[in-house]
Amino acid sequence: MSKFNLISIDLAKNVFQVGKFFHQKLQSNKAVSRKELLTILTTSPRCKVVMESCGGAHYWARKARSAGHEVVILDPRFVKAFRVGQKTDANDVIAIAAASFSPNVRPCKSLTQAQQSLQSTERMRALAEKQKRQLANQIRGLLLEFGIVIKQSECAFRQAIPEILEDSDNGLTAGLRQCLAQCYELFKAQSTLKETLNELLIGLVKQDEQCERLLALEGVGPITAVGLLISLSDTTHFTSGRNAAANVGVTPRQHSSGGKVRIGHIAKYRGEITLRSHLFLGARAVISQLKHREPKTKKEQWLKALVERRGVKCAAIALANKTVRTSYAMLKKGTSYEPSLLANNI
């Protein structure tokens, strides 16, 4: 059997392409089954295992790491630049290995089973909320075509639908009434599912010590705490708090050349978009409450002055940036958040 010190894997559902390399030279490149891949990882001598970030990557990363291997997960967009020739599984394996040899390689983070469970629960809750909203919008749109307008609130929607179904003079046919009734029942089921998953997620967050500490930050709720934990849990993945904030997408884009530094706006489709949205909304809520009372901490004093100087949106992004940096420091050092009180509040 030939020697190798790197295993490159092109992940799939059932058939995986595995390449073995020794000092950057290809020794073998063949397709294997799930069972064969597991055997390769558990029986091979300790080496570097490289794969793309895709479905099942976290599972196989944990399996490889438990066997003593060093695991590197790469962004598919980064790997694409190293592929030579047509797109095949065999060429992808070589491209993944070539990308891992690059001096500027930036691996993706790997989640533990507990962190992946938290992330999966939050995504199922988000899906239930999205489907509930889609159903409500679909029903509103269909009824609008019949001249029936429903006010823009969930309470108004729940009150209006039974009345519309019972009204015999609104011109709706029996078949359409039956269809709307079924969709409304589905809407209520999705609402119940969303509330159930929301309560489950809150319970899981309270059981997680790291999430519990993140909840102390201004504008951070259970959903945002989960997002921060998933994004920043591997603190070795970042060199500084600014690097962590840039990964989330709460720092401005830079387009510098020839020694001239040009700082632009916050990129809309860059970084952790969902997490950034939750951070921004949480920051807006903090600013909204701060309008009706005097600041109690130095951060609130800074935030209120920033709102007066630069406006609400700029201040909200600044607070989101500070929240990410503080979260990174808390997770890295294992500390709790203790805001600095003003002299008159001590």
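**Helix 7, two pockets and some single residues**

Author: In this predicted model, the buried residues of helix 7 are Arg177, Leu180, Tyr184, Phe187, Gln190, Ser191, Lys194, Leu197, Leu201 and Val205.

Reader: Against which helices do the buried residues of helix 7 pack?

Author: Those buried residues of helix 7 pack against helix 5 (113-144), helix 6 (154-166), helix 8 (209-214) and helix 9 (222-232).

Reader: How do you know what span helix 7 should have, and what do its end C-alpha atoms show?

Author: Helix 7 runs over residues 174-207, which is 34 residues, and at 1.5 Å a residue it should span 50 Å. The C-alpha atoms at its ends lie 50 Å apart, so the value from the model agrees with the expected one.

Reader: How many disulfides are there, and how do you know that Cys108 is in none?

Author: The count comes to zero disulfides. For Cys108, the nearest cysteine sulfur is that of Cys54, 10 Å away, whereas a disulfide needs two cysteine sulfur atoms within 2.5 Å, and therefore Cys108 is in no disulfide.

Reader: Why is Cys108 called partly exposed, and why is Cys314 called that too?

Author: Buried means under 20% relative accessible area and exposed means over 50%, with partly exposed in between. Cys108 has 24% relative accessibility, so it counts as partly exposed, and Cys314, at 30%, therefore counts as partly exposed as well.

Reader: What makes Thr224 buried or exposed, and which residues is Thr224 in contact with?

Author: Thr224, which has its place in helix 9, has a relative accessibility of 7%, and because buried means under 20%, Thr224 counts as buried. If its neighbours within four places in sequence are left aside, Thr224 is in contact with Leu275, His278 and Leu279.

Reader: What makes Lys80 buried or exposed?

Author: Lys80, placed in helix 3, has a relative accessible area of 55%, and since exposed means over 50%, Lys80 is called exposed. Lys80 and Asp92 are twelve residues apart in sequence, and their C-alpha atoms are 8.3 Å apart in space.

Reader: What is the phi of His23, and what is the phi of Gln24?

Author: Phi of His23 is near 55°, a positive value in a residue other than glycine, and phi of Gln24 is near 65°, again a positive value in a residue other than glycine. Most residues other than glycine have a negative phi. His23 lies in the loop between strand 2 (15-22) and strand 3 (25-33), and Gln24 lies in the loop between strand 2 and strand 3. At 55% relative accessibility, His23 counts as exposed, and Gln24, with a relative accessible area of 56%, is exposed.

Reader: Which helices supply the lining of the largest pocket, and which of them gives the most?

Author: Helix 2 (57-66), helix 3 (76-80), helix 5, helix 9, helix 10 (241-248) and helix 11 (273-290) each supply at least two residues, and helix 5 gives the most, with nine residues. The largest pocket has a volume of about 1,800 Å³ and is lined by 46 residues, of which Arg77, Lys109, Asn247, Gly271 and Glu272 lie nearest its centre. The lining divides into 17 nonpolar, 17 polar and twelve charged residues.

Reader: What lines the second largest pocket?

Author: The second largest pocket, with a volume of about 220 Å³, is lined by residues including Arg242, Val250, Thr251, His265 and Arg310. By class, its lining has four nonpolar, four polar and two charged residues.

Methods:
Residues numbered from 1 in each chain as written. Predicted model: local features only at pLDDT ≥ 70, side-chain atom pairs only at ≥ 80, totals over all residues. Heavy atoms only, no water. Buried < 20%, exposed > 50% of the residue type's maximum accessible area, 1.4 Å probe, protein only. Helix = DSSP H or I, 4+ residues; strand = E, 2+ residues; numbered from the N terminus. Expected span 1.5 Å × (residues − 1). Contact = heavy atoms within 4.5 Å. 1 Å grid on protein atoms, 1.4 Å probe; cavity = no way out; pocket = protein on both sides within 12 Å on 5 of 7 lines; lining within 4 Å. Points joined across faces, edges and corners; volume = space filled by probe spheres on them. Nonpolar A, V, L, I, M, F, W, Y, C, P; charged D, E, K, R; others polar.
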